[in-house]
Amino acid sequence: MIPNKLKALWAEGKPTINGWCSIGNPFTAEIMAAQGFDSITIDMQHGALDYSSVLPMFQAMRASGATLMARVPWLEPGIIMKALDAGAYGIICPMVNSAEEAARFVSYMRYPPHGQRSFGPTRVSFAAGANYAGEANDNMLAFAMIETAEGMANLDAIAATPGLDGIYVGPADLTLSLTQGRLAPGFDREEPEMITALQTIVAACKRNGIRAALHCGTPDYAARAIGWGFNMTTVGGDSRFLAAAAGAAVAGFRKLTDGATGKTEKGAY
């Protein structure tokens, strides 16, 4: 089958950049995939889309050569397996809080004897090339999200889960949980306690030979995260890029015509 590009880049010691799609539209996804990201993730948890949008988005992005992934809504076997069958080469699973949950997640990702994934690769058998059944177990990426105080307390046990490929950090939820709401959610944390938490996660990943990934808001912060040891960073996403570019155009017009400066919400992802 077509090999997983991320695995090849990491084997060469190269960091990777991930794009994020929250808008349920194949054309938007195609535009994102054409920008040179190493991987693109469709957000099925918080994105404005459902499974009926996911498959055509994967189809639209196939020609880009990027590794295509999905963040599923929850730790539920049906949607994980369905996203894989649609063409995902990696799954990001939110709110993994224990080694037992991580083990269940990994089991849904792999065919027997390494897991309990049901066989029925309806689309991916065409999209991924020959011998999908024989090579899928080695090519799929399982990322557990650490984004709660409970997850942090069980960090080492989660990172040691056999078959887990990496930990993906959701900084907004992690900040809310670790500080009990004292700090507002958001990306690109500058608080020493949060930077310490991020570096603790990287260290756990390194000890256990798995990858560390972080959701970021800017390229500058993503580069810092790579310096801390993260292997993959997500830098913004379609909704944020659209809002930022549109807002900048309006603000530029207002300034040039002596009008009021326009303001726009950037969106979460």
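This short presentation introduces the structure shown above, going from its annotated domain to its pocket, its cavity and some single residues.

Good morning, colleagues. Please keep in mind throughout that we are looking at a predicted model.

I begin with the annotation. In UniProt, an unreviewed entry lists residues 20–242 under "domain: HpcH/HpaI aldolase/citrate lyase". In the model, that stretch is 46% helix and 16% strand. Its two end C-alpha atoms lie 12 Å apart.

Let me turn to the open space in the structure. The largest pocket has a volume of about 230 Å³. Its lining consists of 14 residues, and those nearest the centre of the pocket are Ile2, Ala66, Leu68, Tyr89 and Ala127. By class, the lining of this pocket comprises 8 nonpolar, 3 polar and 3 charged residues.

There is enclosed space as well. How many cavities of 30 Å³ or more does the structure hold? The count is 1. The largest cavity encloses about 30 Å³. Around this cavity we find Arg71, Met145, Glu147, Gly170, Pro171, Ala172, Asp173, Phe187 and Tyr269. Which element gives the most to that lining? It is helix 10, spanning residues 171–178, with 3 residues. Sorted by class, the cavity lining has 5 nonpolar residues, 1 polar residue and 3 charged ones.

I now move to one helix in particular. Helix 4 runs over residues 77–86, and 7 of its 10 residues are buried, so that the helix is mostly covered. The buried residues are Ile79, Ile80, Met81, Ala83, Leu84, Asp85 and Ala86. What covers them? Among the covering elements are helix 3 (51–61), helix 5 (99–109), helix 6 (124–127) and helix 7 (132–139). Two strands also take part, namely strand 3 (67–71) and strand 4 (90–93). A general remark may help when viewing any such helix. An α-helix has 3.6 residues a turn, so residues three or four places apart point the same way.

Following the chain onward, we reach glycine 87, in the loop between helix 4 and strand 4. Is glycine 87 buried or exposed? Its relative accessibility is 8%, and it therefore counts as buried, the limit being under 20%. Leaving aside residues up to four places away in sequence, glycine 87 touches Phe58, Leu68, Arg123 and Val124. Of these, Leu68 has already been named among the residues nearest the centre of the largest pocket. As for alanine 63, it stands 24 residues from glycine 87 in sequence, with 13 Å between their C-alpha atoms.

For a contrast in exposure, consider alanine 153, which lies in helix 8, residues 149–153. With a relative accessible area of 64%, alanine 153 is exposed. Asparagine 97 is 56 residues from alanine 153 along the chain, yet their C-alpha atoms are separated by 8.4 Å.

Next, the backbone. Most residues other than glycine have a negative phi, and most peptide bonds are trans. Against that background, three places deserve attention. A cis peptide bond, with omega about 10°, links proline 112 to proline 113. Proline 113 sits in the loop between helix 5 and helix 6. Methionine 95, which is not a glycine, has a positive phi of about 50°, and it is located in the loop between strand 4 and helix 5. Aspartate 188 likewise has a positive phi, near 50°. This aspartate belongs to the loop between helix 10 and helix 11 (192–208). At a relative accessible area of 18%, aspartate 188 is buried.

I close with the cysteines. How many disulfides does a search of the whole structure find? The search finds 0. Cysteine 21 is in no disulfide, and the nearest cysteine sulfur, in cysteine 216, is 17 Å away. Why does cysteine 216 form no such bond? The closest cysteine sulfur to its own, in cysteine 205, is 14 Å away, which is too far because a disulfide requires two sulfur atoms within 2.5 Å. Both of the cysteines I began with are enclosed: cysteine 21 is buried, with a relative accessible area of 0%, and cysteine 216 is buried, with a value of 0%.

Thank you for your attention.

Conventions
Residues are numbered from 1 along each chain as its sequence is written. This is a predicted model: local features need pLDDT of at least 70, side-chain atom pairs count only at pLDDT 80 or more; totals for chains, interfaces and linings use all residues. Side-chain values use heavy atoms; hydrogens and water are left out. Buried means under 20% relative accessible area, exposed over 50%, partly exposed in between (1.4 Å probe, protein chains only). UniProt positions are given in the numbering used here, feature names are shortened, and annotations may be inferred rather than shown by experiment. Helices (H or I, at least four residues) and strands (E, at least two) are DSSP runs, numbered from the N terminus. On a 1 Å grid over the protein atoms alone, a cavity is a set of points where a 1.4 Å probe fits but cannot get out, and a pocket is an open set with protein on both sides within 12 Å along at least five of seven lines; lining residues have an atom within 4 Å of a point. Grid points are joined across faces, edges and corners, and a volume is the space filled by probe spheres set on the points. Ala, Val, Leu, Ile, Met, Phe, Trp, Tyr, Cys and Pro count as nonpolar, Asp, Glu, Lys and Arg as charged, and the others, Gly among them, as polar. Contact means heavy atoms within 4.5 Å.
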